[in-house]
Amino acid sequence: MKNKTKRFSAILSAIIVSSVTVCGQIANAVDDIPENPYNYQETYDYENQYVNTEVTNDTDIQGKQVTTSVTEDVLTNGTETPVTTTAPSGRKKATINDYDSSLSAVRYEFSYPEYSYEEDFSNYTAGQQYEQAKKDIIVSFRTANPVTSVKRTDNADVSKIGHVGEIPVSHEKDVSSQVSGEFTFVTYGWGHGVGMSQNGADFYATYAGWSYQDILAHYYPNTYLMNTGLTEYEELTIDGEPAGDTVEVVAQIVNREIGGSMNYEAIKAQAVAVYTYIKYHNDDSADLLGKPDPPQIVIDACTDVLGEALYYNGSYALTMFSASTGGCTANCGEVFYADIPYLISVPSEYDEQFDPHYGTVTYYPASEVKRLIEAEYQITLSDDAGKWIQPVYSKQTGYVKDVNIDDQLTIRGYELKLLLDLKSSKFNLTYTY
């Protein structure tokens with residue numbers, strides 16, 4: 001308490017002595033922020049990158065037959081092997097243990113109950129989970145904390161993002177089930193796909209030599225990077241509880257999110273995203289949790305970018321992220337309804353060749369799909385299983401925005417992802433009669 005009082009007195013004195021000067025400096029600094037401080041030139045033509053026609057065949061996404069791509073085996077012996085999983089016998093919560101080796105699972109799904117460690121949401125339906133997520137995103141889409149410091153980072157003037165060379169494309173394979181009465185889902189990426197792809201950040205740093213500034217500029221376009229200048233005084237919390245100084249808090253969360261095995265620049269990018277997310281949520285980690293005893297490389301990376309945060313229009317940005325994306329990130333509005341100017345689709349070129357979650361195949365018996373859908377929505381499905389799930393794809397990104405359920409109701413694609421425990425709402429499906 002004495003330290004807090006002493007600290008408050010010092011801050012108050014400084015404000016009284018120099019308030020006019022500081023306010024003038026802040027106003028000038030904000031005015032001086034360039035429109036594109038990263039000097040990042042966007043070169044992607046999204047509208048022409050994907051097929052600009054309505055998808056009429058459930059097996060047709062992005063204009064080609066979607067099949068599984070390479071898996072982790074490719075990284076070791078060059079052998080292409082379909083990633084095959086069996087349909088879950090029942091719905092379960094994802095845990096960090098599901099994916100905690102070289103590429104850690106992202107438990108962050110922006111307040112989705114299925115990823116909570118503190119509360120039991122086993123009785124929540126997928127619809128209730130999705131409605132809660134919608135509420136969370138809408139509530140959080142607000143003016144963030146006021147900018148209390150506009151000290152620019154030393155490396156704010158970033159050169160043009162590094163060139164991405166030619167990436168080999170894997171051979172297509174037919175992975176449709178040969179079993180009558182079975183669905184085949186092929187998913188691309190893991191998570192909601194909005195904002196930064198953690199695996200994608202690692203790939204860009206490793207294979208294209210991108211810096212953390214390059215990564216952040218790419219995945220959060222229209223934002224700018226500055227230092228808050230608050231790390232000496234702020235008291236951050238994890239789930240409402242004090243967890244140490246700024247470096248300790250951020251390092252613990254980064255440790256849980258990706259660990260210390262990724263490229264150093266990717267770890268720094270994650271640290272900035274985590275810190276910004278905390279500042280956006282009034283100095284609390286919100287749904288992000290920490291993992292104690294982070295390795296030294298994580299502590300060093302967090303120290304290197306200490307205090308650096310992403311801003312949009314003078315306020316902290318909502319820096320969402322997920323484990324990986326299927327060739328590109330999703331537009332926020334395709335998943336959460338809210339359209340946010342810096343949470344828009346950008347490419348993730350290395351996914352097909354290197355991401356182990358690109359082209360995951362899941363076989364689902366029609367009887368289980370029927371049980372889950374009818375129990376969730378209190379409807380009776382028709383006898384034609386091939387009409388039960390009719391995806392409506394985003395022509396820009398390939399993510400499933402909506403799903404027509406047996407011509408009886410329409411749900412969001414991410415809601416179906418939750419219901420069937422799929423890795424992503426970017427998926428292709430076939431039904432074998």
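Is Lys268 buried or exposed? Lys268 is buried, with a relative accessible area of 11%. Keep in mind as you look around that this is a predicted model.

Let's stay with Lys268 for a moment. Its partner is Glu265, and the two form a salt bridge in which the closest N and O atoms are 2.9 Å apart. Both residues sit in helix 8, three residues apart, which is about one turn of the helix. Glu265 has a relative accessibility of 19%, and it counts as buried because the cut-off is under 20%.

That pair is one of six salt bridges in the structure. Another one also starts from helix 8: the side chains of Lys279 and Glu234 meet in a salt bridge, at 2.8 Å from N to O. This time the bridge links distant parts of the chain, since Lys279 is in helix 8 (residues 264-280) while Glu234 is in the loop between strand 7 (224-227) and strand 8 (237-238), 45 residues apart. Lys279 and Glu234 are both buried.

Now move along to strands 16 and 17. Here Arg412 forms a salt bridge with Asp402, and the closest N and O atoms are 3.6 Å apart. Again the pair links distant parts of the chain: Arg412 belongs to strand 17 (residues 409-412) and Asp402 to strand 16 (residues 400-405), with their positions ten residues apart in the numbering. Arg412 counts as buried, at 7% relative accessibility. Asp402 comes out at 22%, so it counts as partly exposed, the cut-off for buried being under 20%. Back at Glu234 and Lys279, salt bridges that share partners join these two and Asp283 into one network.

What about the backbone around Arg412 and Asp402? Arg412, in strand 17, is also the bridge partner of Asp402. Strands 16 and 17 run antiparallel and are joined by four bridges. In general, strands of a sheet pair through backbone hydrogen bonds, either parallel or antiparallel.

Zooming out, these two strands belong to an open sheet of three strands, in the order 15-16-17 and with antiparallel pairing. Strand 15 (390-393) and strand 17 are at the edges, and each has a single partner strand, so one side of each has no neighbour in the sheet. On average, neighbouring strands of this sheet are turned by 25° against each other, direction ignored.

One last element to find is helix 13 (residues 413-420), which lies across strand 16 and strand 17. Helix 13 runs at about 85° to strand 17.

Methods. Residues numbered from 1 in each chain as written. Predicted model: local features only at pLDDT ≥ 70, side-chain atom pairs only at ≥ 80, totals over all residues. Heavy atoms only, no water. Salt bridge = Lys/Arg side-chain N within 4 Å of Asp/Glu carboxyl O. Buried < 20%, exposed > 50% of the residue type's maximum accessible area, 1.4 Å probe, protein only. Pairing = 2+ DSSP bridges. Axes fitted to C-alpha atoms, helices over the stretch in contact; angles between N-to-C directions. Contact = heavy atoms within 4.5 Å.
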